[in-house]
Amino acid sequence: MAKEDKITLDAEVTEALPDAMFKVRLQNDQVIIAYVSGKMRKFFIRILPGDRVTVEMSPYDMTKGRIIYRY
């Protein structure tokens with residue numbers, strides 16, 4: 001697999017954790033921990049529980065992800 005192979009899924013934020021980490025529920029009811037991407041931190045995009053987001057995950061570790069977009 002190449003470095004660019006990422007899995008992109010839609011999710012809903014269920015809980016805010018310290019250090020800009022969030023528990024998110026994927027469409028298949030799996031709960032993972034996700035952090036905010038660098039561009040979202042740079043432009044101060046706020047994420048609250050209940051928001052719909054897009055999560056990018058690596059195929060090697062399916063328990064962690066990165067939030068790349070907030071709807």
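A salt bridge is taken here as a side-chain nitrogen of Lys or Arg within 4 Å of a carboxyl oxygen of Asp or Glu. By this rule the count comes to two salt bridges. The structure is a predicted model, in which local features need pLDDT of at least 70 and side-chain atom pairs count only at pLDDT 80 or more, while totals for chains, interfaces and linings use all residues. Residues are numbered from 1 along each chain as its sequence is written, and side-chain values use heavy atoms, with hydrogens and water left out.

One salt bridge joins R66 and E56, with the closest N and O atoms 2.2 Å apart. R66 lies in strand β5 and E56 in strand β4, so the pair ties together parts that are ten residues apart in sequence. Helices (H or I, at least four residues) and strands (E, at least two) are DSSP runs, numbered from the N terminus. Burial is assigned from relative accessible area (buried under 20%, exposed over 50%, partly exposed in between; 1.4 Å probe, protein chains only). E56 is buried, at 18% relative accessible area, whereas R66 is partly exposed, at 28%.

The salt bridge between D61 and K64 has its closest N and O atoms 3.4 Å apart. D61 is found in strand β5 and is partly exposed, with a relative accessible area of 29%. Polar contacts were also assigned (a pair of N or O atoms within 3.5 Å; within protein, one must be able to donate a hydrogen and the other to accept it, and residues adjacent in sequence count only if both atoms are side-chain atoms). The side chain of D61 makes such a contact with the side chain of T63, at 2.8 Å, and another with the side chain of K64, at 3.4 Å.

D51 presents a contrasting case. This residue is placed in the loop between α1 (38-42) and β4 (52-58). D51 is buried yet has no salt bridge, and the nearest side chain of opposite charge, R70, is 4.0 Å away. For charge assignment, Lys and Arg count as positive and Asp and Glu as negative, with His and the chain ends not counted. Side chains of opposite charge can pair when their charged atoms come close. The D51 side chain reaches the backbone nitrogen of L48 at 2.9 Å. With neighbours within four places in sequence left aside, D51 is in contact (heavy atoms within 4.5 Å) with A11, E12, V13, R46 and R70.

R70 is also touched by I45 and V53. I45 is found in the loop between α1 and β4 and is partly exposed, with a relative accessible area of 36%. Not counting residues up to four places away in sequence, I45 touches M40 and R70. The C-alpha atoms of I45 and Y69, 24 residues apart along the chain, are separated by 9.3 Å. V53 lies in strand β4 and counts as buried, at 0% relative accessibility. Outside residues up to four places away in sequence, V53 touches L9, D10, A11, V13, V24, I67, Y69, R70 and Y71. The C-alpha atoms of V53 and V24, 29 residues apart along the chain, are separated by 8.7 Å.

S37 lies in the loop between β3 (31-36) and α1. At 9% relative accessibility, S37 counts as buried. Not counting residues up to four places away in sequence, S37 touches R66, I67 and I68.

On the surface, I68, Y69 and Y71 form a nonpolar patch with about 300 Å² of accessible area together. Patches are made of residues with over 30% relative accessible area and no salt bridge; like charges are joined within 9 Å, and nonpolar side chains (Val, Leu, Ile, Met, Phe, Trp, Tyr) within 5 Å. Accessible areas come from the Shrake-Rupley method with a 1.4 Å probe, and for residues only the protein chains shown count as cover. Within this patch, Y71 is found in the segment after β5 (61-70) and is partly exposed, with a relative accessible area of 44%.

Backbone geometry was also examined. Most residues other than glycine have a negative phi, and most peptide bonds are trans. D19 has a positive phi of about 60° although it is not a glycine. D19 lies in the loop between β1 (7-17) and β2 (21-26) and is exposed, with a relative accessible area of 69%. F44, likewise not a glycine, has a positive phi of about 55°. F44 is found in the loop between α1 and β4 and is exposed, at 60% relative accessible area.
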